[in-house]
Amino acid sequence: MDHVTLTKGESATSPKRDSVKLRDAALFKGRIIALVQAPSNHNIWYARTYGTGILKSHDRGNSWTNANGNLQLNKAGNLYVRSVAVHPDNETIVAIGFGSCDENQPQSGLHMTHDGGKTWRLVCNQIDFDGKGPSVLLGEVISFNRFQPEMIAAGGESNGLFQSKNGGKGWQPV
């Protein structure tokens, strides 16, 4: 979660949620690491998982679909998403950091989608999202600037903080 908005007054009631369907639960392999709600559309949620990659819900988490698109699984058939951020004004623009360390060969990178997870493009391979260090459970960090969404910050385990000032097209160390 990158921000919380609190409003004084009565809280709105949440809509009734159905339980997660068994067929959808198999996608999680039992390990959801984090949930991110799209700021521009509260029905859209993304789940960062341990092994299954990125999952997407169009109905506030009642049902889930795989949103890995063209992302490549590791040798063991897994995809470890270390961080996820959703554009503040457009729920189809998402940035993820993913990676793994197979046989001491780190594979990691920062990828973005502009179609809600159907296709992904590697935008930076300088940030280490391999999950080898203590941040493996907490995730490395990616965040859109909600006031200037073309500015994105991302930090990995050991290579430091990087910033894009053009919506993810180019990245520079900070």
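1. A bit of bookkeeping to start: helices here are DSSP runs of H or I with at least four residues, strands are runs of E with at least two, and both are numbered from the N terminus. Counted that way, the protein chain has one helix and twelve strands. Reading from the N terminus, the order is α-β-β-β-β-β-β-β-β-β-β-β-β, so by this numbering strand 12 closes the list of elements.

2. Keep in mind that this is a predicted model. Mean pLDDT for the protein chain is 80, with 72% of the residues at 70 or more. The stretch to treat with care is residues 1-6, where pLDDT is below 50. In the model, residues 1-6 have four contacts beyond near neighbours in sequence.

3. Some overall numbers for the protein chain. It has 174 residues, and 43% of them count as buried. Among contacts between residues at least 6 apart in sequence, 43% join residues at least 24 apart. The exposed surface comes to about 9900 Å², and 51% of that is supplied by carbon and sulfur atoms.

4. Now to the C-terminal strands. Which strands make up the open sheet with the order 9-10-11-12? As the order says, they are strands 9, 10, 11 and 12, and their pairing is antiparallel. Strand 9 (141-144) and strand 12 (172-173) sit at the edges, each pairing on one side only.

5. Take the strand 9 side of the sheet. Strand 9 runs antiparallel to strand 10 (residues 152-155), and four bridges join the two. Among the bridge partners, Ser143 goes with Ala153 of strand 10, and Phe144 goes with Ile152 of strand 10. Strand 9 also has two faces worth a look: Ile142 and Phe144 lie on the covered one, whereas Val141 and Ser143 lie on the uncovered one. Phe144, then, is a covered-face residue with a bridge partner in strand 10, while Ser143 is bridged to strand 10 as well but belongs to the uncovered face.

6. Moving across to strand 11, four bridges again join it to strand 10, in the antiparallel sense. Ile152, the bridge partner of Phe144, stands opposite Ser164 in strand 11. Strands 10 and 11 form a hairpin with five residues between the strands, and Gly160 in that hairpin takes a positive phi near 90°. If you are checking backbone geometry, Gly160 is a place to look.

7. The last pairing is between strand 11 (residues 161-164) and strand 12, antiparallel over two bridges. Phe162 has Pro173 of strand 12 as its bridge partner.

8. The loop between strand 11 and strand 12 holds Gly167. Is Gly167 buried or partly exposed? Its relative accessibility is 22%, and because buried means under 20%, Gly167 counts as partly exposed. Leaving aside neighbours within four places in sequence, Gly167 touches Met112, Glu150 and Ile152. With Glu150, which is 17 residues away along the chain, the C-alpha separation is 4.0 Å. Ile152 is thus a contact of Gly167 as well as the residue opposite Ser164.

9. Away from that sheet, have a look at Ser57 in strand 3 (residues 54-57). Why does Ser57 count as buried? Because its relative accessibility is 0%, and the cut-off for buried is under 20%. Not counting residues up to four places away in sequence, Ser57 touches Asn43, Ile44, Trp45, Asn62, Ser63 and Trp64. Gln37 lies 20 residues from Ser57 along the chain, and their C-alpha atoms are separated by 9.4 Å.

10. The side chain of Ser57 has polar company too. One of its polar atoms lies 2.9 Å from the backbone oxygen of Ser63. The side chain also makes a polar contact with the side chain of Asp59, at 2.8 Å. So what we have is a serine that counts as buried because of its 0% relative accessibility, with polar partners in Ser63 and Asp59.

Definitions and conventions. Residues numbered from 1 in each chain as written. Heavy atoms only, no water. Pairing = 2+ DSSP bridges. pLDDT = per-residue confidence, 0-100. Contact = heavy atoms within 4.5 Å. Buried < 20%, exposed > 50% of the residue type's maximum accessible area, 1.4 Å probe, protein only. Polar contact = N/O pair within 3.5 Å; in protein donor to acceptor, adjacent residues only side chain to side chain. Areas by Shrake-Rupley, 256 points an atom, 1.4 Å probe, with all protein chains shown as cover.
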